[in-house]
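Biologist: I have a model open and would like to learn how to read its contacts and its core. Where should we begin?

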Amino acid sequence: MTDIIEMSRIFKIFPPSLVALDDVSVAFSKGEIHAIVGENGAGKSTLMKILYGMQPADSGEILYNGKKVKFSDPGEAIQAGIGMVHQEIMLVPQYTVWENVVLGYEPVKFGIHLDAKKARELVKQKIEEFSFNLNPDAKVEDISVAARQKVEILKLLFRNVSVLIMDEPTSVLTPQEIPQLFGELKRLRDNGHTILFISHHLEEVLELSDRITVLRKGKKVGTIEAVEATKAGLAQMMVGREVIFESIRKDQSAGEVLFETIGLNYTDPDKRPRLKDVNIQVRAGEIVGVAGVEGNGQLEMVNVIMGLIEPSSGSIKAVGEDITRKPILEKRKRVAFVPQDRGNMGASVAANITENVIMTHHRLDKRFTSWAGRILDFKQASSFTDEVRKKFDVQMSSGEAVFKSLSGGNQQKVILGRELLLEAPFILLDQPTRGLDVGSIEYVHQQIIDMRAQMRGILMISADLEELFRLSDRIVVMHKGKVVANLATDNTNVTEVGYLMLEGAAYEA
Amino acid sequence: MNIITGLINGMITSATPILLAALGGSLTYYAGIFNIAMEGMMLSGAFFGMLGSYYFHSWPMGILFAILGAILMALIFILFAVVLKMDEFITGIGLNLFSVGVTTYMLRQIFKVKGAFASPEIVPIPKIDIPWIKDIPVVGEIISGQNLIVYIALLATIVVSYLVFKTRFGLRLRAAGYNRTSLDTSGVSANRIRVWSLILCGVLCGLAGSFLSLGYVTLFSEGMSAGRGWISLAAVILVSGNPTGIALISLLFGFTDGLGLFMQRSLPSQFTSMVPYVATLVALFVYSVRLKKKQKI
């Protein structure tokens with residue numbers, strides 16, 4: 001195979017001293033799916049942004065089709081045939097699919113008139129050419145995230161790109177949507193497109209890619225053929241040490257019931273029942289995992305527990321007290337909460353790290369305030385930030401930096417640090433490791449296990465079965481708003497849980 | 001009959017500058033700019049329009065100068081809000097104050113008068129008689145014989161509507177407002193679209209200004225825009241930028257303005273001239289109550 005892109009000796013330094021890419025050379029062949037893997041902050045995204053013209057390299061050169069290129073903005077890269085689908089989807093939600101696809105590349109009549117008919121027709125043709133199963137007239141705000149991602153890909157194909165860069169495309173998808181995306185990407189490859197695929201998820205990488213390049217701390221570890229790679233081997237290349245995949249629980253007997261939901265029902269404003277008689281108990285020193293295909297009531301349950309929506313009936317008890325309709329501060333004395341949506345619910349991304357770290361603490365812990373809670377003590381706050389940074393191994397420049405400047409893994413560590421240091425007896429975790437790299441996942445898991453050893457009660461919702469089996473003492477399965485099973489992890493297996501998730505009932509042996 | 005045609009003509013006259021400025025505001029609204037500088041652009045347009053007409057003894061030069069004067073203000077807005085990325089609201093406030101100051105200063109320096117300047121050498125923008133139609137009773141008195149700028153405003157409504165919804169520029173303009181990163185990553189600079197929307201806003205506000213000093217009356221007085229730019233802003237926000245909606249709202253404001261004049265027969269003028277502003281407040285109140293209801297559902 002011939003190399004379509006050759007990046008050689010790329011250096012990138014973010015002042016003052018962060019070396020994001022340190023002498024990275026990598027070549028991509030025409031018509032391959034090439035995965036770029038590495039921990040958060042390994043330099044994967046930076047490398048792709050340099051290729052795509054979003055950031056300049058400090059040194060090094062890029063050959064594209066044998067010619068030296070240097071794109072000064074994404075527009076030039078697209079012109080040359082290289083397109084990138086970003087992690088967060090960048091479409092105009094108020095526009096239809098075809099309007100989004102043609103934006104910036106519109107067919108016109110008389111110089112200014114938008115030729116809507118022709119544009120729609122062209123988009124329809126592209127949809128059929130790649131059998132994408134999209135309605136060109138649907139509004140983007142009305143379609144699923146998976147479909148939006150397809151629109152992003154289509155938008156690039158409409159501009160005739162031959163190289164597609166996908167930045168963690170599966171992180172926004174539900175497990176059922178992933179195979180379809182992979183099918184489409186493989187079809188594109190077979191059409192001669194080259195696909196560069198940034199991912200954390202080793203299973204996906206092994207399934208999808210032809211070759212894999214591993215980066216670690218800004219350096220290239222190596223490029224290997226996917227057929228020769230194993231999950232453990234890749235993980236070791238990524239983190240530079242062995243990663244444990246087995247259950248890591250130690251034997252321990254659970255204590256009294258710390259948390260329970262009693263007959264929880266919730267019907268949404270469209271009169272659809274979302275939770276049906278949900279009863280879950282969590283004991284001290286116990287991790288209860290919640291399995292289920294996404295959209296089967298897990299999110300509603302979390303929102304009801306945290307008081308974001310009011311249950312139609314039923315109650316929630318934590319540490320022996322009914323907290324169903326208690327004000328949030330009262331709940332927070334008993335419940336630590338790590339939401340799945342870091343950017344919107346877990347933190348204020350525009351505030352700085354220290355401000356995020358002391359949230360809730362500043363109301364519950366007297367040492368952060370004086371004058372009866374009116375004046376914040378920033379000295380205390382910043383020493384507390386330091387504590388979190390040390391205890392939870394957060395990579396950050398200073399507490400003054402804005403929260404969104406942190407990488408995903410470090411954001412999660414900050415949130416986790418804040419919540420676990422609340423010393424609430426019960427901990428609610430919603431997808432605690434989604435979007436994190438292997439090293440961070442391992443770290444988070446260890447923290448969760450430590451909390452269990454401290455006899456806290458933990459309820460963990462996760463879409464990752466491996467995670468559930470690794471950590472939970474018991475697994476409850478949710479299906480269509482109901483708890484359909486409550487199983488001891490040691491007495492069940494992935495097949496059984498998977499079947500329950502899909503069918504809502506145990507298979508008859 | 002005379003009262004009604006008078007009232008309607010009064011309504012059209014009062015609505016015209018608001019309509020033009022609001023159409024300019026509509027373009028910047030769709031581009032996602034919080035533009036409150038229509039007031040300043042309009043005032044600058046009125047002054048320079050008068051200046052051009054006075055020096056060249058020609059109303060077309062007046063219109064040209066009005067447009068250039070307003071664009072000058074738009075360029076200052078672009079420099080601060082788009083290039084230097086200053087806060088749009090602060091820039092707008094500053095520009096509006098600057099416009100009052102600079103036109104007053106120039107009026108006093110150039111013409112050595114305070115308050116207002118009128119001269120027979122200022123050539124007004126003519127009224128247009130439409131043959132045939134002008135002879136129709138009542139209707140003719142309304143449709144024909146209006147100031148040239150009134151017809152331009154009508155045309156501008158159609159053109160802006162077409163521009164926003166049917167052209168390539170319009171698709172990009174709205175995209176800049178809805179999601180500018182999307183537009184940027186599509187290879188079109190959102191800032192460029194914003195700059196163009198502001199320049200077009202300047203053109204429309206310039207026309208509005210020329211109507212104030214060369215159409216409505218033939219003089220320039222200090223601060224003669226008298227809050228019309230703010231009312232046009234209210235109109236834009238009220239209908240979320242929709243040009244047709246803006247035309248209707250402007251007529252409504254024009255009507256209340258005419259009504260105010262009409263009521264002067266029985267009420268002190270200080271009260272009657274409040275009518276359009278009160279109407280603005282009421283409209284904003286109704287709008288926000290409606291919006292709140294919508295959000296609840």
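Modeller: Begin with the meeting of the two chains, keeping in mind that this is a predicted model. Chain B and chain A each put 15 residues into their contact.

Biologist: Which helices of chain B each supply at least two residues of the side that touches chain A?

Modeller: They are helix H7 (168–178) and helix H8 (180–185). H7(B) provides the largest share of that side, 5 residues. By class, the side of chain B that touches chain A holds 6 nonpolar, 7 polar and 2 charged residues.

Biologist: How is chain A divided into domains?

Modeller: Domain 1 of chain A covers 3–239, and domain 2 covers 257–354 + 422–503. Their centres, taken over C-alpha atoms, are 34 Å apart. Where they touch, domain 1 of chain A contributes 10 residues and domain 2 of chain A contributes 9 residues. The side belonging to domain 1 of chain A consists of 4 nonpolar, 5 polar and 1 charged residues.

Biologist: Now the core. What is the general idea?

Modeller: In soluble globular proteins, nonpolar side chains tend to be buried together. Here the largest nonpolar core has 219 residues, and those with the most contacts inside it are A:Ile458, B:Met42, B:Leu204 and B:Ala235.

Biologist: Which helix gives the most to this core?

Modeller: Helix H9 (residues 190–216) of chain B does, with 13 residues. From chain A, domain 1 and domain 2 each supply at least three residues to this core.

Biologist: What is B:Leu204 in contact with, leaving aside neighbours within four places in sequence?

Modeller: B:Leu204 then contacts B:Leu20, B:Ala21, B:Leu23, B:Gly24 and B:Ala156.

Terms used:
Residues are numbered from 1 along each chain as its sequence is written. Chains are lettered from A and ligands numbered from 1 in the order in which they are written. This is a predicted model: local features need pLDDT of at least 70, side-chain atom pairs count only at pLDDT 80 or more; totals for chains, interfaces and linings use all residues. Domain bounds come from an automatic or database domain assignment. Two residues are in contact if their C-beta atoms, placed from the backbone, lie within 7 Å. Ala, Val, Leu, Ile, Met, Phe, Trp, Tyr, Cys and Pro count as nonpolar, Asp, Glu, Lys and Arg as charged, and the others, Gly among them, as polar. Helices (H or I, at least four residues) and strands (E, at least two) are DSSP runs, numbered from the N terminus. A nonpolar core is a set of buried Ala, Val, Leu, Ile, Met, Phe, Trp, Tyr and Cys residues joined through C-beta atoms within 7 Å. A residue is buried if 20 or more other C-beta atoms lie within 10 Å of its own, exposed if 12 or fewer, and partly exposed in between; C-beta atoms are placed from the backbone.
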